[in-house]
Amino acid sequence: FTGARTITPDFPSVPQLFTATRTPAQQNIAMAALALKAEGNRALNEGRPLEAIAKYSAALKECAVASADEESVLFSNRAVAQAKLGRFELAASDALCAIEKDTGNVKAWYRRIKYLIELSELDAADAAIAEAPERFQGLVEACLKKREAAGKEPSIKHFEILDELGTGNYSTVVMARRRIDS
């Protein structure tokens, strides 16, 4: 297979990263938390946000020996599940917890801002945007440029959904046809 990437021996796998420099007892706890996270992800992908929240919460309790990065991901994932239930205050709070654990968690910043907007807390959303690390400001600019360029491109309103073909990671695949512009 051309273009295949080989993982060098000094590049650890996800479970190795999750359990690096831990005692065997800590590794067992960390692996249990990782399993709960995977169950939460599965529940969320299958449309069971309450179960996902329970799994992420249990994983956070198990994570007494987790790194801040690991906790950040769990809080960020739980924020998504809260938002799926329309609990935007809890979602924004979980996203903030994720940011406090890891300020480099781009998804947590995005989610916090998104949920603050849902709550019509626009001043807080503006403050979060201003607070976001400078490296993310380039993303904002790139997004604005892309939005301007796409201004004349067709959007969802230009299409009629004919059939749902399946779902995936936070997405749905549909069969659609372009509406005739009037």
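**Group meeting: a walk through the model**

So, both F88 and Y115 are buried. I'm starting with those two residues, and I'll come back to them in a minute. Before that, a quick reminder that what you have in front of you is a predicted model.

Okay, the overall layout. The protein has 8 helices and 2 strands. If you walk along from the N terminus, you go through the helices and then reach the strands: the order is α-α-α-α-α-α-α-α-β-β. There are 182 residues in the protein, and 29% of them are buried. If you take contacts between residues at least 6 apart in sequence, 42% of those join residues at least 24 apart. As for the outside, the accessible surface is about 12300 Å², and carbon and sulfur atoms account for 56% of that.

Right, back to the opening pair. How many aromatic pairs does the structure hold? Just 1 aromatic pair. That's F88 with Y115, and the geometry is tilted, with 6.1 Å centre to centre and 45 degrees between the planes. What I like here is that the pair links distant parts of the chain: F88 sits in helix 5, Y115 sits in helix 6, which covers residues 106-118, and the two are 27 residues apart. And, as I said at the start, F88 and Y115 are both buried.

Let's stay in helix 5 for a moment. That helix spans residues 88-101, and D94 is in it. Is D94 buried or exposed? Its relative accessibility is 5%, and the cut-off for buried is under 20%, so D94 counts as buried. Now, which residue does the D94 side chain make a polar contact with? With R78, side chain to side chain, at 2.7 Å. R78 has company, too: once you set aside neighbours within four places in sequence, D94 is in contact with F75, R78, A79 and Q82.

Last stop, the strands. On the surface there's a nonpolar patch formed by L162, L165, V173 and M175, and together they have about 360 Å² of accessible area. Where does the patch come from? Strand 1, residues 159-168, and strand 2, residues 171-178, each supply at least two of its residues. Take L162 as one example from the patch. L162 is in strand 1, and with a relative accessible area of 40%, L162 is partly exposed.

That's my tour, so over to you for questions.

Note on methods:
Residues are numbered from 1 along each chain as its sequence is written. This is a predicted model: local features need pLDDT of at least 70, side-chain atom pairs count only at pLDDT 80 or more; totals for chains, interfaces and linings use all residues. Side-chain values use heavy atoms; hydrogens and water are left out. Helices (H or I, at least four residues) and strands (E, at least two) are DSSP runs, numbered from the N terminus. Buried means under 20% relative accessible area, exposed over 50%, partly exposed in between (1.4 Å probe, protein chains only). Contact means heavy atoms within 4.5 Å. Accessible areas come from the Shrake-Rupley method with a 1.4 Å probe; for residues, only the protein chains shown count as cover. A polar contact is a pair of N or O atoms within 3.5 Å; within protein, one must be able to donate a hydrogen and the other to accept it, and residues adjacent in sequence count only if both atoms are side-chain atoms. Rings of Phe, Tyr and Trp (its six-membered ring) pair if their centres lie within 6.5 Å; planes under 30 degrees apart count as stacked, over 60 as edge-to-face and the rest as tilted. Patches are made of residues with over 30% relative accessible area and no salt bridge: like charges are joined within 9 Å, nonpolar side chains (Val, Leu, Ile, Met, Phe, Trp, Tyr) within 5 Å. A salt bridge is a side-chain nitrogen of Lys or Arg within 4 Å of a carboxyl oxygen of Asp or Glu.
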